[in-house]
Amino acid sequence: MDLLRERHRTIEAEGADLAVFEYGLDPDPARPTIVFLHGYPDDHRVFHPVLRELAPTHHLVAFDTRNAGRSRAHEGSGFTLAELVDDLFAVLDAVDTPGRVRLVGHDWGSIQGWAAVQDERAQGLILDYTSISGPDLRHFSRWLRGRLRNPRLVPQGVGQVLRSWYVGFFRLPVLPEALWRYGLTRQYELTARRNVGSDPVRGLALYRTNMSAGVKPPRRRPVTIPVHVIVPLKDPFLSPHLVDGLEAWVSDLTVTTVPGGHWWVAARPRAFAELLDPSLRDRDGRG
């Protein structure tokens with residue numbers, strides 16, 4: 001079917017103009033809107049495959065974060081995690097979402113989602129949260145320190161350090177821009193089957209702003225809403241063991257492993273959609 005009646009508008013947040021897209025049914029208090037947060041180096045289009053699956057029965061919202069796609073940060077504004085979370089709540093405030101919403105995040109969008117559900121503004125607004133391939137930053141830090149201090153678990157910690165090699169590289173001056181402009185962008189576009197333009201270079205600000213030693217993510221708070229963590233077992237960037245310890249501060253936690261890589265969300269849209277809405281399996285006889 002056609003990509004579902006895409007409705008586009010631009011909203012002004014504090015420090016950014018955000019491109020917001022709606023799909024599927026009109027907002028309905030009887031069925032929560034599902035809101036999608038994309039990662040790096042993507043924009044909202046990474047979710048197009050799953051949006052096609054869900055649009056016949058849901059109201060859907062996605063937006064380009066201030067470092068990507070059709071959104072633009074204002075001159076002098078930043079890219080801190082707190083500012084990105086503010087952007088999300090600005091979108092939720094601007095879009096017609098009667099009742100509560102369901103939040104879905106992938107990669108950096110998942111990192112933002114973890115911070116959002118621990119924000120006081122989420123109370124009574126975010127119904128549940130689905131995280132794919134993006135950890136809470138404070139949990140990640142604590143998990144890694146714990147692994148490196150425990151001789152039995154050191155291999156897990158060292159393995160994750162090796163998986164995270166790109167974080168340090170992306171914080172270097174000049175070289176990451178050169179790599180993206182003179183080869184890696186074209187390679188990624190061929191794999192993703194969509195044009196990403198300058199998004200990979202623009203998005204380096206996420207790493208340079210939030211991954212420095214002196215930068216602290218928002219304070220970790222207990223999470224009481226249902227959280228579903230989808231773990232692609234072939235993700236080259238994140239250890240599947242990163243879910244260990246989440247139950248200490250996430251009271252309603254479900255973990256599902258899937259046989260895919262980091263961009264499983266785009267490669268297996270039907271399976272992804274069925275995890276977000278299990279009734280889809282029964283509706284058309286698939287299981």
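Begin by selecting aspartate 199, which is found in helix α8, the stretch covering residues 199-202. Keep in mind throughout the tour that this is a predicted model. Aspartate 199 counts as buried, because its relative accessibility is 6% and buried means under 20% relative accessible area. Now show what surrounds this side chain: leaving aside residues up to four places away in sequence, aspartate 199 touches Tyr40, Pro41, Asp42, Asp43, Asn67, Ala68 and Gly69.

Next, move to the interior and select Leu103 together with Trp114, which touch the most other members among the 50 residues of the largest nonpolar core. Helix α2, residues 81-94, gives the largest share of this core, namely seven residues. Apart from this core lies another one, made of 24 residues, and you can pick out Val50, Val258, Val265 and Leu280 as some among them. In soluble globular proteins, nonpolar side chains tend to be buried together.

Stay for a moment with tryptophan 114 and display its contacts, again not counting residues up to four places away in sequence: they include Tyr129, Ser131, Gly134, Pro135 and Asp136, and also Val227, Val229, Leu246, Trp249 and Val250.

Finally, turn to the surface and select Leu148, Val158, Val161 and Leu162, which form a nonpolar patch with about 350 Å² of accessible area together. Three residues, the largest share of the patch, come from helix α5, which spans residues 154-163. Is valine 161, which lies in helix α5, buried or partly exposed? Valine 161 is partly exposed, because its relative accessible area is 44%, and this class lies between the cut-offs of 20% and 50%.

Methods: Residues are numbered from 1 along each chain as its sequence is written. This is a predicted model: local features need pLDDT of at least 70, side-chain atom pairs count only at pLDDT 80 or more; totals for chains, interfaces and linings use all residues. Side-chain values use heavy atoms; hydrogens and water are left out. Patches are made of residues with over 30% relative accessible area and no salt bridge: like charges are joined within 9 Å, nonpolar side chains (Val, Leu, Ile, Met, Phe, Trp, Tyr) within 5 Å. Accessible areas come from the Shrake-Rupley method with a 1.4 Å probe; for residues, only the protein chains shown count as cover. A salt bridge is a side-chain nitrogen of Lys or Arg within 4 Å of a carboxyl oxygen of Asp or Glu. Helices (H or I, at least four residues) and strands (E, at least two) are DSSP runs, numbered from the N terminus. Buried means under 20% relative accessible area, exposed over 50%, partly exposed in between (1.4 Å probe, protein chains only). A nonpolar core is a set of buried Ala, Val, Leu, Ile, Met, Phe, Trp, Tyr and Cys residues joined through side-chain atoms within 4.5 Å. Contact means heavy atoms within 4.5 Å.
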